[in-house]
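Let's take a walk through this model, starting with the whole chain and ending at a couple of backbone oddities.

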Amino acid sequence: MRKTIFAALLGLGLWSCESQTASETVGQDATEPTLELVDSVVVESLAELSLGAVNTANGQMIFKDRFLKQFLLTAADGTILDTLAIKGDGPDQVAFPMEMAFMGDGLVVKDMSAEMPLNFFGPDFRKEKTGKPIAKGINMIEVTRTRVSFSPFQSQGKTLLVGTDANAIEPQLMAPEGQNAEFYDKAESGYVYDPTTDSLVRFNAYPDSWLPKKTRQWKGQALPYASALGEDGTIGILPRVGNQLFFFRWENGQLVSTREVKLSHPDRNETLEIDPLDQPFLHPVFSDLKGGGQYFLVEFHTEIPKAVRDEFRAKNENYINDPAFNEAFRKYRKAKYILVDQSGQSKAIAELPVQGSVHYFDKNDVLYIKPSSEVEKDYNVFYRYQVSGGAMD
């Protein structure tokens with residue numbers, strides 16, 4: 001069995017906040033969505049934090065440090081309320097709690113080791129139960145600080161969870177001999193979990209009308225993302241290759257297709273053909289799908305020019321560890337975003353209102369952006385930007 005470890009690293013850059021004001025509105029151009037600065041969240045911590053989960057009902061948030069040694073429960077303004085002992089081998093702990101999401105009054109934490117089950121915690125952060133195994137084998141471990149691979153959604157009065165995972169796929173399909181277009185017909189990376197009945201339903205997350213599957217072209221695993229909108233019940237499925245976002249609803253124990261959206265962004269070069277045997281960073285693959293309340297946020301990274309890569313590789317086969325290549329990596333590979341509403345209308349975000357990265361998109365359609373900085377601070381700051389109700393007008 002082939003095992004792959006992939007780590008997504010956040011780039012760092014210079015940023016200044018002196019010109020930001022509470023009344024600033026970004027994206028007044030008719031071609032861009034409107035983002036309005038709401039406020040900022042300041043968490044007093046020397047550790048470099050990322051935002052793990054937001055409870056829109058009471059404003060509470062969970063922040064985690066890079067090494068998962070510290071989990072801070074905060075109020076809406078960032079005031080630390082408690083330090084949570086989520087990580088560990090105890091009865092109320094999870095071995096590798098990289099991903100989490102608030103669900104009702106409780107918290108769902110995915111264990112990123114071994115069987116990768118979902119763990120359910122009550123309002124007091126005591127573990128109530130562990131769900132069924134999601135993984136069928138360890139095919140790939142993706143360590144991402146700002147992505148959650150599962151999402152709560154509403155269906156017929158019940159709260160369910162939808163997600164995707166490479167390790168849910170049968171290991172033999174991930175072997176080299178399984179790397180062909182037939183993979184898209186067989187691989188079941190998606191799942192819907194019902195916490196009430198403790199049932200796990202698996203599904204093929206490659207939509208039939210996704211172009212590589214439809215035309216029988218092998219474009220690599222192109223593992224899809226899944227996320228859901230707040231109260232709407234719309235589920236989004238986004239394969240990493242191509243330009244298609246698919247909308248579904250969960251009805252009678254299966255996904256029912258409702259809409260297909262063609263995605264575009266001025267900074268996304270759609271003429272590039274991906275080579276499944278080469279590095280994915282040579283192609284502007286999609287890297288995340290976050291579901292808000294009424295909008296999806298699609299993320300992709302701009303490509304590194306093949307000529308630049310080839311120049312470094314000609315000098316050193318181990319070019320990935322070359323500091324100069326890492327500098328070029330940061331120069332060319334930039335995160336870009338597209339907003340898509342529940343009707344399927346989409347608009348590109350040319351630039352974030354502050355230089356940094358999107359850590360979270362909550363169910364009130366608020367973006368949490370952490371600014372980049374090369375200066376060490378004794379606090380962490382996150383800016384909240386509201387996607388306005390007329391963002392697509």
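The protein chain is made up of five helices and 27 strands, where helices (H or I, at least four residues) and strands (E, at least two) are DSSP runs numbered from the N terminus. Keep in mind that this is a predicted model: local features need pLDDT of at least 70, side-chain atom pairs count only at pLDDT 80 or more, and totals for chains, interfaces and linings use all residues. Residues are numbered from 1 along each chain as its sequence is written, and side-chain values use heavy atoms, with hydrogens and water left out.

How does the overall size look? The C-alpha atoms fill a box of roughly 50 × 50 × 45 Å along the principal axes. The radius of gyration is 20 Å, which agrees with the value near 21 Å for a compact globule of 393 residues; the radius is taken over C-alpha atoms, and the globule rule is 2.2 Å times the number of residues to the power 0.38. Of the 393 residues, 53% are buried, meaning under 20% relative accessible area, with exposed over 50% and partly exposed in between (1.4 Å probe, protein chains only).

Now for the backbone. Most residues other than glycine have a negative phi. Arg 216, though, has a positive phi near 60 degrees, and sits in the loop between α3 (211–214) and β17 (225–228). Asp 365 also has a positive phi near 60 degrees, this time in the loop between β25 (356–361) and β26 (366–371). Their surroundings read like this: Arg 216 counts as partly exposed because its relative accessibility is 40%, whereas Asp 365, at 4%, is buried.
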